Amino acid sequence: MASIRTYQQSCNGGELSPEMYGRAGDPKYQSGLAKCRNFLIDPRGPAENRPGFAYVNYAKYADKRVRLIPFTFSTDQSMVLEFGEKYIRFHTDGQTLLGSNGQPYEVATPYSADDLFSLHYVQSADVLTIVHPAYAPRELRRYSVVDWRLVEINFKGALPSPWAPTVVQSINGDVQNKEDYTREYCITALKADGSNESAAGPSTSIRCNPYGTGAYNTISWNAVSGAELYRVYRNQGGIWCFIGQTKTLSIRDEQIDPDASITPPIYDDPFGQSGGITSVKVTNGGSGYGLLRSVSYISQKGRIVGSNGNTVSVNLDAENFHHDDGQGIPYPTITSSQVFYVDGTIEGNGSGGKGRLTYVNNKRTQGMWWDAYLTGVSLTSRGEGYTEGAQFHASLECGSKGARCDYYFPVVLEPASAPNVYVTDATGSGAELEAVVQNGVIVSIVIKKPGSGYTNPVVHIDGSKSGGSGATATATVGKAGDYPSAVTYFEQRRWFGGTYNRPNNIWATKSGTESDMSYSLPSQDDDRIAIRVAAREANRIQHFVPLSQLMLFTAAAEWRVSPLNSDAITPTSMSVRPQSYVGANSVQPLVINNACIYASARGGHLRECGYSYEAGGFVTNDVCLRANHLFDNLEPIDLSYSKAPWPIIWCVSSAGNLIAFTYVPEQSVGAFSSLATDGTFESCAVVPEGEEDVLYVAVRRTINGTTRRFIERMHERKYTKLEESVYLDCCGTYRGDAKDEISGLTWLEGATVSILADGSVEPNQVVKDGKIKLQEPASLVHIGLPYTADLQTLPIALALQDGSFGSGHMKNVQKVSVRLVNTSGLQTGPTFEKLTDYPARGTELAGTPPTPITGEVTTQVNPRWGDGGQICVRQNQPLPMKIVSITTQLEIV
């Protein structure tokens, strides 16, 4: 038996997947972690427990999702926009912008809650451009702090066309053939700087003889509102050629030589399609619709029934469940894998619903894992046709005793499902319709996609999966919108692309303009661009990403848009070439330095895309390979990026947690950790506020039996005194004269909260009537929901003479030394069930908060033999913790 010491000098490898536990030679292994929950990784190496989230406000609707979008005019002017069901609210510096009536200031929008996460946007100064394939492109314009306006973009020119001009010939009287020729003229209007040229107005023809002695034509016209310049064009062989520009309302054509290189702009409707479904009228609403529904998610609160009839209630949101013979719930059969799964079905009058239990074994003996913990239950198939009362059920044979455990977890159903509405027609295609149901009756039908080419559409309403019958409707055909789903700025143009009916098409405005979609005949270099990407598959363009060259992403490939024979992209000099064939999902990518991070179309992983000199183009890399367990079988929902104080990518997962990715590629730092709270993360956004980039989140929480959606703000990581630190969620702060009763905590009514009063931790309390009572008066008090920060090292890897790197050897941890910085409170042990407290208080006076520790502390831990030799560290108090290094003394046989 040998006693040895191991030293982990850094944690900036982040959390690694169990599949990496055999990769002792991997460069990240010696700095990696088996678990990093509610910690953030400092790029320099330490792991620091995350700050808490301060309560900002409720979202407007408790039952509808919201999306947070950043609006940054400058580093000292920023807002977080709360997009909800047909509204926008505004938050800044941890507060909600209020209108003159004292209520949250709002801007009305057409966007439904179901479409919010498919919105794409780009900002230029005070204007946020928003696109979605089901809505006309719009701009959110800021005119003042409480004057925001959402307007549709006008692509047809800002100025109206002038009326037909008056043309009068002047010629010497002795000329005999005064009408041998025909001259035709038209006029356009412009702004004072020569921009926003209108389309050509109606033309005027005149019979004249421009070659006669003293001949000239005088062209005059009426003023156009808003115009300060006018251009005059003459028809020359079928082409309108430029002959003059003036600020006045007339010009004299004295046989001016026409310039065919300058022609009037031509405007069309780039996002209109003929033969689309423009409206649907419900002629009979029917009855009984929406009674049958699919499953939204499985509750983490359920019960386990042993074969002896003993029933145990579990709450997997709060803690993992340990199978224990003493409870009558025997442990599962030993396995060769640390993590294993048990599948089950959704029981009820529906079909197709499935779920999965996840177990993690805690002990290993002779290569086999045992001592299982049930860590969660997840939905794998939503199914259909369910009604209230449905539940998830799975069974598991437990051990060799012939025992059996049955697991029951209630499910939450989707909102009332709508019937399937579709259109048939001999000529048209592409339309998608959605019924709106109230009390079992179809009250309206929404056009999600108008389609094109319809002449005689027939609307069908199928209630076989939703329930209901008897409804009928008719459709009207006309010119319908076919709108883009991607937008960006690049080379002084605003780019659009990816409509429902033209998924591979790209449009870019006239060079130097925001919304001028005009073109000329013959074509000019600054004309608008309108092309179709010749791709093998008709996957809709999801994103434009402006890097050194313009990148566009579809669900199947990444493409580079570049000039062909010039320095700038023009209508006649443009190349679109594929760079890779991975594809992106609908989450808007992040531009970081000279690369971008995006979510892959399949697999749920994050990828990096950047230029490679060696490859001669752009390449993509999977940045999640070492932490795939955080992404597999899940989907990224939202992405944000903070630059300061540390560069961190924030990813909201479909599992409801928030993933933090410390990302410094130039230093080969890429470290993952997972953030959890008493609720579900649904959206995130980062804006600069003060000296930090601050994270805002939308969280769905159930407090005192009531489910609401909260807007919360992560507290700053920098602080000067312990009492100013915040490590609580949904937190409220009192500052003022010392007192022992804190009121106004209405959003936490009925919740069990933790309290930090003047730097000292008070016992947990339940908020009643919006109040809590302190043991001693305090002037700075933080009250919020507690959370636990857990860190676990990887299995010990040692360079032993037998070449095993410690594998196959039993280990017993005896002592742990942890180097800390500004830390108050510490628990360590071989498992999270056997932790030893290190006393936070030393020689401080009674009644004062403990002084944070900076230095190395050593604890004797509860001995436990195992094959891992791992160390667990926990912070379960609302106090700071920063771990710099960990030294472990252990026995090995």
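Q: Why is Cys36 called buried?
A: Cys36 has 0% relative accessibility. Buried means under 20% relative accessible area, with exposed over 50% and partly exposed in between (1.4 Å probe, protein chains only). At 0%, Cys36 falls under that cut-off, so it counts as buried. A word on the ground rules: this is a predicted model, where local features need pLDDT of at least 70, side-chain atom pairs count only at pLDDT 80 or more, and totals for chains, interfaces and linings use all residues. Residues are numbered from 1 along each chain as its sequence is written, and side-chain values use heavy atoms, with hydrogens and water left out.

Q: How do you know how many disulfides the structure holds?
A: You look for a pair of cysteine sulfur atoms within 2.5 Å, which is what a disulfide means here. The count for this structure is 0. Take Cys36: its nearest cysteine sulfur belongs to Cys11, and that's 7.4 Å away, so Cys36 is in no disulfide.

Q: What about Cys241: why does its sulfur have no bond to the closest cysteine sulfur?
A: That closest sulfur sits in Cys186, 10 Å off, which is too far for a bond. Cys241 is also buried, because its relative accessible area is 3%, under the limit of 20%.

Q: What makes strand E14 mostly covered?
A: Just count its residues: of the 10 in E14 (residues 135-144), 7 are buried. The strand itself is a DSSP run (E, at least two residues; helices are H or I, at least four), numbered from the N terminus.

Q: How do you know that E13 and E14 pair?
A: Two strands pair if DSSP finds at least two bridges between them. Strand E13 (residues 127-132) and E14 have 5, in the antiparallel sense, so they pass the test. One of the bridges links Thr129 to Glu139 in E14. The two strands form a hairpin, with 2 residues between them.

Q: And what makes E14 and E15 a pair?
A: The number is 6 bridges, again antiparallel, with strand E15 covering residues 147-152; since at least two are needed, they pair. Arg141 has Arg149 in E15 as its bridge partner. Here too there's a hairpin, which joins E14 to E15 through 2 residues.

Q: Why is the pair of Phe271 and Trp507 called edge-to-face?
A: Rings of Phe, Tyr and Trp (its six-membered ring) pair if their centres lie within 6.5 Å; planes under 30 degrees apart are stacked, over 60 edge-to-face and the rest tilted. These two are 5.0 Å centre to centre with 75° between the planes, so they pair and count as edge-to-face. Phe271 lies in the loop between strand E22 (250-253) and strand E23 (272-284), and Trp507 in strand E40 (residues 505-508), so the pair ties together parts 236 residues apart in sequence. Both partners are buried, Phe271 at 3% and Trp507 at 4%. By the ring rule the count comes to 25 aromatic pairs.

Q: How do you know that Arg356 lies over the face of Tyr341?
A: A charge sits over a ring if NZ of Lys or CZ of Arg is within 6 Å of the ring centre and within 35 degrees of the ring normal. Arg356 is 5.0 Å from the centre of the Tyr341 ring, so the distance fits. Arg717 lies over Trp646 in a similar way, at 5.1 Å.
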